Amino acid sequence: MIPSALSYTKAGTLDEALAAVAAGARPLAGGQSLVPMMRLRLAAPEGLVDLGGLAELVGICEDGDELAVGAMTTHRSVAADPQILASCHVVAQAASGVGSLVIRNRGTIGGSLGHADPHADLPAALLAAGGAVIVRSSRGERRIEADDLVTSYLTTSLASDELITQVRLPKGAARSAYAKFHRRAIDWSIVGVGVTIGSAGTRVAVTGVGDRPLRATGFEDVINAGGSLDEAVAQAGTGMSPLDDLDGSAEYKLHLVGVLARQAYTEASGR
Ligand SMILES: Cc1cc2nc3c(=O)[nH]c(=O)nc-3n(C[C@H](O)[C@H](O)[C@H](O)COP(=O)(O)OP(=O)(O)OC[C@H]3O[C@@H](n4cnc5c(N)ncnc54)[C@H](O)[C@@H]3O)c2cc1C
């Protein structure tokens, strides 16, 4: 299918991009989710502003006790980065399992978080890590914690004139892991679980069981109170109400939450 007519601008500076977004243009990052949605006419923006020329949005560096990852950094770069692998493994591992190599070469961490697909891996991994995003508009800059970022199906707490410029990853999330279940290598997660064992306790986040990534508070409460892994796994799906659909029944998905939480927790513990 051919997308509807639209205007296209390639931003030369971040200020140009912010002005275009404030004027109603939709940001275009790697195009791996937005372009397919436009071809299916599930999205019909009147204008696009391409962020692909903004070198300042690409790259990974240390900043205090966090890693600062530019929003236009690709999944492939995130997955291979030695600092992320060492300090916030759950995010690198989630990025390494996104789609195929072609998609990981184009798709970006900022695009994935901005898109907020309920089966996406990066929003759940960021939530498990306890990370955050930095967003900018012509009005200024603010920080949104991962717990507050995705509010509903394909919806974030960003205002319509805001862009994600940076993703902040805690360096204290080394003991972490991401486990996903999907049928073919290129497929999205049916269910994915990220676990971080940090100094403030264990955080567990799940994708594929709701309209947004969810904290597995049942699992967290048991483990953080000194309970056994078996007890925690038994509580992993507490409060989650996945849908029966073509991927499987709600019961099956809740079973996967427990299996993957055990897998990711065991892997994180050994790191
Ligand atoms: C076949 C296939 C398989 C896939 N498999 C997986 C998978 O297994 N797991 C997974 O997690 N994902 C998967 N994806 C999606 C992939 O991760 C995309 O890269 C990602 O969802 C969107 O990133 P993008 O850079 O391509 O963003 P785009 O498609 O360019 O944009 C996506 C949305 O985010 C907005 N946006 C982009 N950048 C910003 C920004 N800086 N600030 C605010 N909003 C922004 C856009 O306006 C748009 O609404 C798959 C995609 C395909 C086509």
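A residue is taken to be near the ligand if its C-beta atom, placed from the backbone, lies within 6 Å of it. The structure described here is a predicted model. In this model, 30 residues surround the ligand. Gly30, Gly99, Gly107, Gly111 and Gly114 come nearest. Four elements each give two or more residues to the shell: β2 (26-28), α2 (34-39), α7 (109-115) and β10 (163-170). Helix α7 supplies the largest share, with 5 residues. By class, the shell divides into 15 nonpolar, 12 polar and 3 charged residues. Both domain 1 (7-50) and domain 2 (57-170) contribute at least three residues to this shell.

The domain assignment divides the chain into domain 1 (7-50), domain 2 (57-170) and domain 3 (176-269). The C-alpha centres of domain 1 and domain 2 are 18 Å apart. Their contact takes 11 residues from domain 1 and 16 residues from domain 2. On the side of domain 1 that touches domain 2, helix α1 (residues 14-22) provides the largest share, 5 residues. That side of domain 1 consists of 7 nonpolar and 4 polar residues, with no charged residue.

An open sheet of 3 strands has the order β1-β3-β2, and its pairing is parallel. Strands β1 (7-10) and β2 stand at the edges with a single partner strand each, so one side of each has no neighbour in the sheet. Neighbouring strands are turned by 30° against each other on average, direction ignored. Strand β2 is joined to β3 (residues 47-50) by 3 bridges, and the two run parallel. Within this pairing, arginine 26 stands opposite leucine 48 in β3. Strand β2 thus appears in two settings: as an edge of this sheet, and among the elements that give residues to the ligand shell.

Helix α8 (residues 122-129) is a buried element. 8 of its 8 residues are buried, so the helix is largely enclosed by the rest of the structure. The buried residues are Leu122, Pro123, Ala124, Ala125, Leu126, Leu127, Ala128 and Ala129. Just after α8, glycine 130 adopts a positive phi of about 75°.

A further open sheet contains 4 strands in the order β11-β12-β13-β14, with antiparallel pairing. Its edges are β11 (176-181) and β14 (214-215); each has a single partner strand, so one side of each is left without a neighbour in the sheet. Strands β11 and β12 pair in the antiparallel sense over 6 bridges. One of the bridge pairs links alanine 179 to valine 193 in β12. Strands β12 and β13 also run antiparallel and are joined by 7 bridges. Here valine 195 has valine 204 in β13 as its bridge partner. A hairpin connects β12 to β13 through 2 residues. Of the 8 residues of β12, 6 are buried, so this strand is largely enclosed by the rest of the structure.

At the other end of the sheet order, 2 bridges join β13 (residues 201-207) to β14, and these strands run antiparallel. Valine 206 has leucine 214 in β14 as its bridge partner. Helix α9 (residues 217-224) packs on the sheet and touches β13 and β14. The direction of α9 makes about 165° with that of β13. Helix α11 (residues 250-269) also packs on the sheet, where it touches β11, β12 (191-198) and β13. The direction of α11 makes about 35° with that of β12.

Leucine 214 lies in strand β14. The cut-off for a buried residue is 20 or more other C-beta atoms within 10 Å. Leucine 214 has 23 C-beta neighbours inside 10 Å and therefore counts as buried. Apart from its neighbours within four places in sequence, leucine 214 is in contact with Ala205, Val206, Val209 and Met240. Among these contacts, Val206 is also the bridge partner of leucine 214. Leucine 214 and glycine 70 are 144 residues apart along the chain, and their C-alpha atoms are separated by 24 Å.

Terms used. Residues are numbered from 1 along each chain as its sequence is written. This is a predicted model: local features need pLDDT of at least 70, side-chain atom pairs count only at pLDDT 80 or more; totals for chains, interfaces and linings use all residues. Two strands pair if DSSP finds at least two bridges between them. Two residues are in contact if their C-beta atoms, placed from the backbone, lie within 7 Å. Axes are lines fitted to C-alpha atoms, for helices over the stretch in contact, and angles run from 0 to 180 degrees between N-to-C directions. Ala, Val, Leu, Ile, Met, Phe, Trp, Tyr, Cys and Pro count as nonpolar, Asp, Glu, Lys and Arg as charged, and the others, Gly among them, as polar. Domain bounds come from an automatic or database domain assignment. A residue is buried if 20 or more other C-beta atoms lie within 10 Å of its own, exposed if 12 or fewer, and partly exposed in between; C-beta atoms are placed from the backbone.
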